[in-house]
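Trainee: Could you take me through one small part of this model up close, and then show me how the rest of the picture fits around that part? I'd like to start with a loop residue that has an unusual backbone angle.

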Amino acid sequence: MVQQREAASALPKRSENFSEWYTQVALRAELADYTPVRGSMAIRPYGYAIWEGIQGYLDRRFKETGHVSAYFPLLIPESLLQKEAEHVEGFAPQVAWVTHGGQEELAERLAVRPTSEAIILPMYAKWIQSYRDLPVLLLQWNSVVRWEKATRLFLRTAEFLWHEGHTAHRTMEDADAECRLILGIYRELIEDVLAIPVLSGVKPPSERFAGADNTYTLEALMPDGQAIQAGTSHFLGQNFAKAFDVKFLDSDNQEKYIWSTSWAVTTRLIGSLIMAHGDDKGLILPPRIAPFQVVIVPILGRDDAVVLPAAKALATRLAARYRVKLDDRDAYTAGWKFNEWELRGAPLRVEIGPRDVAGGHVVVSRRTGGKKETLSTTGVDDAIGRMLEEIQGELLTRGKTYLDGHTTAAASLDNLVRAVEEVKGFVRVGWCGKQSCEDTIRDRTGASPRVIPLDDQPSGTCPVCGMASKHSVYYARAY
RNA sequence: CGGGGCGUAGCGCAGCCUGGUAGCGCGCGUGCUUUGGGAGCACGAAGCCGCCGGUUCAAGUCCGGCCGCCCCGACCA
């Protein structure tokens with residue numbers, strides 16, 4: 001009977017069925033749930049708290065660097081969406097359309113935004129007259145809709161949350177610097193806060209954002225060997241400026257088009273977070289993003305009159321320095337709570353029972369697998385801070401070791417094919433720059449070119465045509 | 001978009017082959033005993049068996065159509 005119950009509550013093993021493990025963790029840790037809306041999920045409070053953590057960090061960094069938030073319409077007239085040819089071609093298959101207002105058919109249908117360049121650039125045309133109006137550094141926190149056929153919780157949903165930055169600059173150099181600045185902020189979020197190491201660089205032309213001249217990207221590697229795009233920053237050149245006629249008068253009295261950028265990270269990061277750190281017990285959240293860094297579980301039942309006040313006092317004291325949850329629900333046993341908070345990824349658990357109160361200590365347990373430690377109640381405050389930082393560092397180190405161990409180089413097409421199969425990670429090759437050679441590699445390996453590193457250095461020859469390489473490219477299978 | 005699987009109580013499933021009163025486990029409610037690694041006992045509530053149609057005296061079960069979801073592959077944050 002006990003066995004049945006354990007079987008009923010056990011997660012799939014991460015190593016045996018990664019996909020099912022992922023879905024079960026997202027559901028059972030109460031990050032998200034399916035809804036009656038096809039392809040669209042509900043983000044539950046615990047999952048949303050992670051998103052709020054991401055928002056809080058980025059909002060501070062954006063504002064430090066001179067950006068401000070604004071808001072633009074959800075619905076975009078079709079004629080605007082069609083102004084930038086590559087842009088509309090790239091997004092057309094995924095756009096949801098509003099065709100009626102009440103009972104009346106609209107004269108012009110409205111796109112539910114898949115991204116907002118087409119509604120923001122026309123506003124910039126109204127607002128920008130002079131070089132003195134530049135740069136414009138706006139972003140909006142919102143959701144967008146892309147009519148996806150195959151969806152996964154967080155990783156691909158028909159509607160998803162993100163922010164989208166849209167900036168306008170006087171010169172090409174300014175716009176490019178903006179892209180790099182944002183990429184750096186994203187990298188710090190993902191590596192320093194989420195503890196997921198990434199490769200930084202640019203996309204080859206085939207993988208660029210529709211309408212961009214250059215796309216900067218951060219690529220992470222998931223435990224199943226698939227790469228995931230974790231953040232992008234697009235150099236749009238003057239493509240959108242010309243399409244939407246956004247011009248300014250420069251100091252030389254010449255009328256010029258602005259240089260624009262756009263950039264985003266999405267709730268997909270939460271999916272990456274689940275995959276990157278989780279284990280057979282469930283989620284593991286890096287302390288800097290965990291909604292609850294410390295969960296206090298009082299051992300109730302024998303001496304509640306003593307244990308509960310002690311637990312509450314400890315929670316109050318620790319809450320001044322850390323994000324603390326006191327789990328004093330009396331409907332669940334301590335053992336049940338231990339398992340639940342492991343499933344939900346809390347980095348540290350503090351147990352406090354009659355024996356601890358009597359002895360003036362508490363028991364602290366790490367989610368990352370360390371044994372339980374008994375620490376004096378008075379000294380636990382600083383120790384917790386140290387342990388949280390250790391866990392944060394441990395997760396990043398673990399991720400770097402994995403990334404390094406699954407990144408190789410190949411000099412020939414055969415080696416590349418074999419490496420993609422066997423290493424299940426990134427494989428670096430030289431590239432001559434021809435699309436046909438890239439296509440050959442895609443066909444032979446099932447992998448796509450993920451990133452050309454920022455410190456791009458040609459290496460050897462193109463494995464397909466044998467000509468001298470102009471770039472090095474990291475290939476991987478991808479989400 | 002191709003291949004596979006599944007829709008029966010909140011969740012996980014059995015029942016369908018061979019038609020005849022709707023079942024099990026978990027969860028949920030009440031009470032008592034419990035509580036340091038997913039507690040025990042007792043009582044109880046809860047179902048248009050995905051939807052539509054057909055066959056039949058009779059359909060969860062047989063036949064046809066539709067809808068939805070999941071998994072695995074190709075493309076997109």
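Mentor: Sure, let's start with Asn253. This residue is exposed, because just 6 other C-beta atoms lie within 10 Å, and 12 or fewer counts as exposed. Keep in mind that we're looking at a predicted model. Asn253 sits in the loop that links β12 (247-249) to β13 (255-257). What catches the eye is the backbone: phi of Asn253 is positive, about 65°, although the residue is not a glycine. Most residues other than glycine have a negative phi.

Now hop along to Lys424, which also has a positive phi, near 50°, without being a glycine. You'll find Lys424 in the loop between α14 (413-423) and β21 (426-431). Is Lys424 buried, exposed or partly exposed? Lys424 has 17 C-beta neighbours inside 10 Å, so it counts as partly exposed.

While we're on loops, have a look at Pro135, in the stretch between α6 (117-127) and β7 (136-145). The peptide bond joining Leu134 and Pro135 is cis, with omega at about -5°. Most peptide bonds are trans.

Next, a pair of helices. α3 (residues 45-64) packs against α9 (residues 268-277) at an angle of about 110°, and their axes are 10 Å apart. That angle makes α3 roughly perpendicular to α9. On the α3 side the contact is made by Gly47, Ile50, Trp51 and Ile54, and α9 brings Leu269, Ile270 and Leu273. Sorted by class, this contact has 6 nonpolar residues, 1 polar and no charged ones.

The surface near RNA strand B has another mix: 15 nonpolar, 17 polar and 17 charged residues. Of the 49 residues around the strand, Ser19, Arg38, Gly301, Gly335 and Gly353 come nearest. Which element gives the largest share of this surface? That's α11, with 8 residues. Elements that each supply at least two residues include α1 (2-9), α2 (18-28) and β18 (361-366).

Finally, zoom out. Chain A has 15 helices and 23 strands. Its radius of gyration is 25 Å, close to the 23 Å that the globule rule gives for 479 residues, so chain A is as compact as a globular protein of that length. Along the principal axes, the C-alpha atoms fill a box of roughly 80 × 55 × 50 Å. Buried residues make up 42% of the chain, and Asn253, where we began, is exposed.

How values were computed:
Residues numbered from 1 in each chain as written. Chains lettered and ligands numbered in written order. Predicted model: local features only at pLDDT ≥ 70, side-chain atom pairs only at ≥ 80, totals over all residues. Axes fitted to C-alpha atoms, helices over the stretch in contact; angles between N-to-C directions. Helix = DSSP H or I, 4+ residues; strand = E, 2+ residues; numbered from the N terminus. Parallel < 35°, antiparallel > 145°, perpendicular 65-115°, else oblique. Contact = placed C-beta atoms within 7 Å. Nonpolar A, V, L, I, M, F, W, Y, C, P; charged D, E, K, R; others polar. Near = placed C-beta within 6 Å. Rg over C-alpha atoms; globule rule 2.2 N^0.38 Å. Buried ≥ 20, exposed ≤ 12 C-beta atoms within 10 Å, placed from the backbone.
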